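Here is my note on the model you sent, set out as numbered points. I begin with the pairing criterion on which several of the points depend.

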Amino acid sequence: MYFIYEVLGLVVIAFSPFIILYRIIRGKEDPKRFLEKYCFYSKKNKSKLTIWIHGASVGEILSAIPIIKYFEKNKKIKKILITSLTRSSSLILSKYNFKKTIHKYFPIDTNYFTNKFINFWNPKLAIFIESEVWPNMFKNLYFKKIPILLLNARLTKKSFYRWKNFPNFSKLIFSKISLAMPQNIETFNFLKILGVKKLKLNGNLKYYGEKQNKKQNKNLKNKFKNKKIWCAASTHQDEELFIGKVHSRLKIKEKNLLTIIIPRHINRVENIINELNKIGLNTVIHSSNKKISAETDIYLVDTYGETSNFFELSNLTFLGGSLIPHGGQNPLEPARKGNYILHGPNIDNFLEVYSILKNLRISSKIKSVPQMEKMVINKINFKQPILINKKLFSIGEKVLKKNLNEIKKYI
């Protein structure tokens, strides 16, 4: 099976120049750094003790930030290598002023490139976030006796059954994991069946969030002065149009209403504007620095790393990826910022999180434009009780502590 997988990898390499060119044109690939995926690096690695963390994209990298901060303070660790698959995650990481941390793109998962990557960086520990399982990389890390941790592990039913279709191959891969720390009981059971030998159920790392004073961005606060605002965050295709239709109905009843849309992928901004224009909505783009007028309907955020600023100014947020069959996006950041959470019916990625938010009475499911319109009117002035906010932070701190205690054993 490894042979077949390797052949498929060679096919990917053959077509990769065309794939990368297409991604560069769409703004999804860094034209200056794509060679990192072939293990070409501009500088030599001289660090003796490197800890490596890999996450697919933005959500995974953000969940690893508290771990990175711990490594930054650890004097034994000389370098922290972060890899990911997407340009957006690299841009997010660049917002942090880390001293020992560098970012590179994850290599193509062939035997040759993974060996080249490991030999170049020589990590002492490899940490993979959520569902990042790579057969050749795992095989070669195991061969070189480098511990493999699967942090905040998550497997959907769909992914589990895909792996289960190849039981011998799956066992070869998953048995190489030194320790898996699943974020929920379902993943715990899936990983056990697939052959992981050591598991610790520590909870979802995404519960963690640093306590901050609600220092609102003065420029944004002044920009939205006299406006009644709410957010739609991590939205996907078709969801922005849905939100636009909600706004069209709301603005008849609510004076000075402004809807802030923060799309999951900012390369879609032009398409979103065109969709909203077709239903008669006036849109201002965040990066344009244009003033908001009385006619402005939608404020479209087209930058990375500023989402929390908008949550701090809002009391209500809709979380995208939930009206479409995507599985939902993480609602914890806006919840910690005191927002009431609205979501669609597709939230399989965060069932346990939403269960807690529902029990705390700070979330609701919506399915239609009229239903969301009603909920926005009812919750746009929502004030979250301090006790609920403290509870969310408490859960997060306990989860982080458990995960760090396990990671320390491998450093």
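1. Two strands are taken to pair if DSSP finds at least two bridges between them. With that criterion in hand, strand 9 and strand 10 (residues 298-300) qualify, pairing in the parallel sense over three bridges, and the bridge partner of Ile285 in strand 10 is Leu300. Please keep in mind throughout that this is a predicted model.

2. The pair just described belongs to an open sheet of seven strands, in which the pairing is parallel and the order is 9-10-8-7-11-12-13. Its edges are formed by strand 9 (283-285) and strand 13 (363-365), each of which pairs on one side only. From one strand to the next, the twist in this sheet averages 20°.

3. Which strands does helix 15 lie across? Helix 15, spanning residues 369-379, lies across strand 7 (228-235), strand 11 (316-319), strand 12 (340-343) and strand 13. Relative to strand 12, helix 15 runs at about 180°.

4. There is also an open sheet of six strands, again with parallel pairing, whose order reads 3-2-1-4-5-6. Strand 3 (101-105) and strand 6 (179-182) each have a single partner strand, and therefore one side of each is left without a neighbour in the sheet. The average twist from one strand to the next is 20° here.

5. Within the six-stranded sheet, strand 4 (residues 125-129) and strand 5 (residues 148-153) are joined in the parallel sense by four bridges. Ile129 stands opposite Leu151, the latter being in strand 5.

6. Two helices may be described together with this sheet. Helix 5 (residues 135-143) lies across strand 1 (50-54), strand 4 and strand 5, and runs at about 155° to strand 4. Helix 8 (residues 185-194), for its part, lies across strand 5 and strand 6, with an angle of about 150° to strand 6.

7. How many disulfides does a search of the whole structure find? The search finds zero. As for individual cysteines, are Cys39 and Cys231 buried or exposed? The cut-off for buried is under 20% relative accessible area. Cys39 counts as buried because its relative accessibility is 5%, and Cys231 is likewise buried because its relative accessible area is 0%.

How values were computed:
Residues are numbered from 1 along each chain as its sequence is written. This is a predicted model: local features need pLDDT of at least 70, side-chain atom pairs count only at pLDDT 80 or more; totals for chains, interfaces and linings use all residues. Side-chain values use heavy atoms; hydrogens and water are left out. A disulfide is a pair of cysteine sulfur atoms within 2.5 Å. Buried means under 20% relative accessible area, exposed over 50%, partly exposed in between (1.4 Å probe, protein chains only). Axes are lines fitted to C-alpha atoms, for helices over the stretch in contact, and angles run from 0 to 180 degrees between N-to-C directions. Contact means heavy atoms within 4.5 Å.
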